[in-house]
Amino acid sequence: MSAMSDDDRRAWAYLAAVAEPPCAPLIALAARYGAVETARMIKARKLPAGNAAVLTATQARCETDSASTDLETAHRRGARLVTPEDDEWPGWALLALDQASTSARGGGPLALWVRGPASLGDASAVAVGLVGSRAATSYGTHVAGQLASGLADQGASVVSGGAYGIDGAAHRGALAAGGRTVAVLACGIDRDYPSGHARLLEEIGDHGLVVSEYPPGTTAAKHRFLTRNRLVAALSAALVVVEAGRRSGAANTAAWARNLGRPLGAVPGPITSAMSVGCHQMIADGQATLVIDAPSVLALVEATGHDNFVRSPATPIDGLPPEQFEVIEALPAHGGLRVEEIAFSAGKPVAAVLTALAVLEVRGLVDGSSGVWRLAESR
């Protein structure tokens with residue numbers, strides 16, 4: 001980590017928490033004025049003309065400065081905040097995100113919370129992403145472990161999302177081979193999610209890297225998994241889907257890989273397995289190259305990616321506009337929240353939250369009749 005003053009580090013930590021990522025306008029402002037001045041302007045609510053988007057994105061959290069606490073929490077967990085000013089910042093790998101910022105969840109991260117002894121820049125220099133279904137079969141976990149082990153033997157880092165199923169098998173395979181693996185989280189760096197992977201994440205943090213763009217204390221949410229997927233794809237020189245059902249988060253990561261120009265591979269499975277339908281579709285449609293072992297995966301690194309996307313049937317929630325989707329994701333599975341609490345969790349202005357809640361209530365997805373907002377029972 002490069003030398004940086006305490007004030008600069010705290011300013012970066014404040015900016016990393018003040019808006020729900022990714023927030024390209026905030027990143028642009030920090031790049032122009034520096035972290036300290038940008039943080040000061042946001043707190044004062046006085047920004048140069050043309051930055052209305054930054055004011056909106058930071059409205060809900062601007063008065064909450066948890067930077068010192070976040071940095072202390074990270075330090076206790078053996079983690080650090082890595083910024084574009086640090087030597088280990090993987091700028092080349094993340095460049096593709098800025099160039100492909102065409103979706104509501106596109107764009108690069110402002111900063112990254114990192115736990116582990118490896119350099120993030122070095123770990124992403126030669127890295128392969130292995131992703132797939134959480135409800136993996138024994139075949140899928142076996143193949144993922146074998147691929148990860150073979151890639152680690154060849155000196156490649158294995159990147160995945162730390163989830164159950166294929167992700168966990170990939171991480172374990174790399175660790176068993178004495179290699180390096182990177183787990184990208186959809187929650188704070190201090191959270192072991194899923195809880196059943198607490199020991200695995202600890203081992204990854206001891207020998208590889210655990211990475212998140214979310215500040216300590218942030219809970220996992222569906223929209224954060226979708227946001228996280230772009231980082232898995234960006235930090236990988238090639239991406240391989242080991243198992244994926246017809247509807248799978250792995251398909252979203254695969255779409256990001258193609259959007260970023262990353263080569264995409266898929267592992268074939270039994271034609272009777274529902275967990276291989278997604279892989280077979282990608283291969284049949286020419287969106288992914290069929291791979292069966294580490295050498296065929298490494299050959300992808302020099303290949304050219306595809307631009308097509310896998311289209312999956314949308315649920316009522318999947319089809320929501322980003323504003324409504326992120327508001328409904330801020331609501332807990334049980335119990336309710338006040339509007340101000342929802343605004344803070346989602347990183348949205350109160351007025352925007354109220355507008356989204358009104359539409360969601362008309363759709364029958366939320367219920368505010370009890371004085372607090374909760375998920376509708378019929379949802």
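These are my notebook entries from a walk through a predicted model.

**Entry 1: the sheet**

I started with the strands and looked up how they are ordered. There are 9 of them in an open sheet, running β1-β2-β6-β5-β4-β3-β7-β8-β9, and the pairing is mixed. I then checked the edges, which are β1 (79–82) and β9 (289–290), each pairing on one side only. As a reminder to myself, strands of a sheet pair through backbone hydrogen bonds, either parallel or antiparallel.

**Entry 2: strand β4 and its neighbours**

Next I picked β4, which covers residues 157–160. Which way do its residues point? I found Ser157 and Val159 on one side and Val158 and Ser160 on the other, and all are buried. That fits the usual pattern, for in a regular strand the side chains alternate between the two faces of the sheet.

I looked at the β3 side of this strand first. Strand β3 (residues 127–131) runs parallel to β4, and 3 bridges join them. Here I could place Gly129 opposite Val159 of β4. To get from one strand to the other I followed helix α8 (residues 138–153), and β3, α8 and β4 together make a right-handed β-α-β unit.

Then I turned to strand β5 (residues 181–184), which is parallel to β4 and joined to it by 3 bridges. Val158 has Thr181 in β5 as its bridge partner. The link this time is helix α9 (residues 166–176), and β4, α9 and β5 form a right-handed β-α-β unit.

**Entry 3: β7, β8 and the helices on them**

I moved along the sheet to strand β7 (residues 238–241) and strand β8 (residues 264–266). They pair in the parallel sense over 3 bridges. One pair I noted is Val240 with its bridge partner Gly265 in β8. Helix α12 (residues 249–259) packs on the sheet and touches β3, β7 and β8, and its direction makes about 155° with that of β7. Helix α13 (residues 277–284) also packs on the sheet, touching β7, β8 and β9, with its direction at about 130° to that of β8.

**Entry 4: two helix pairs**

How do α6 and α11 cross? I found that the axes of helix α6 (residues 91–99) and helix α11 (residues 222–234) come within 9 Å and cross at roughly 130°. The two are therefore oblique to each other. The crossing of α6 past α11 is right-handed. For the residues at the meeting place, I listed Ala93, Leu94 and Leu97 in α6, which meet Arg230, Leu231 and Ala234 in α11. On the α6 side I kept a general point in mind: an α-helix has 3.6 residues a turn, so residues three or four places apart point the same way.

My second pair was α16 and α17, whose axes lie 9 Å apart at an angle of about 105°. These helices are therefore roughly perpendicular to each other. In α16, Val339, Ile342 and Ala343 meet Val350, Val353, Leu354 and Leu357 of α17.

**Entry 5: helix α15**

Is α15 mostly covered or mostly open? I found it mostly covered, with 6 of its 8 residues buried. The buried ones are Gln324, Phe325, Glu326, Val327, Ile328 and Glu329. I traced what they pack against and wrote down α11, α16 (339–346), α17 (350–362), β10 (366–367) and β11 (374–375).

I picked two of these residues for a second look. Gln324 is buried because its relative accessible area is 11%, and the cut-off for buried is under 20%. Leaving aside neighbours within four places in sequence, Gln324 is in contact with Ala356, Val359, Leu360 and Arg363. Ile328 is also in α15 and is buried, with a relative accessible area of 1%. I checked its distance to Asp367 too: the two are 39 residues apart in sequence, and 11 Å apart from C-alpha to C-alpha.

**Entry 6: Val18**

I ended with Val18, which sits in helix α1 (residues 6–18). Is Val18 buried or exposed? It is buried, with a relative accessible area of 1%. Not counting residues up to four places away in sequence, Val18 touches Leu26, Ile42, Ala57, Thr58, Arg61 and Cys62. As a last look-up, I took Val18 and Pro295, which are 277 residues apart along the chain, and their C-alpha atoms are separated by 43 Å.

Conventions:
Residues are numbered from 1 along each chain as its sequence is written. This is a predicted model: local features need pLDDT of at least 70, side-chain atom pairs count only at pLDDT 80 or more; totals for chains, interfaces and linings use all residues. Side-chain values use heavy atoms; hydrogens and water are left out. Buried means under 20% relative accessible area, exposed over 50%, partly exposed in between (1.4 Å probe, protein chains only). Helices (H or I, at least four residues) and strands (E, at least two) are DSSP runs, numbered from the N terminus. Two strands pair if DSSP finds at least two bridges between them. A crossover is right-handed if, with the strands pointing away from the viewer, the path from the first strand over the helix to the second runs clockwise. Axes are lines fitted to C-alpha atoms, for helices over the stretch in contact, and angles run from 0 to 180 degrees between N-to-C directions. Angles under 35 degrees count as roughly parallel, over 145 as roughly antiparallel, 65 to 115 as roughly perpendicular and the rest as oblique. A crossing is left-handed if the near helix is turned anticlockwise from the far one by less than a right angle, and right-handed if clockwise. Contact means heavy atoms within 4.5 Å.
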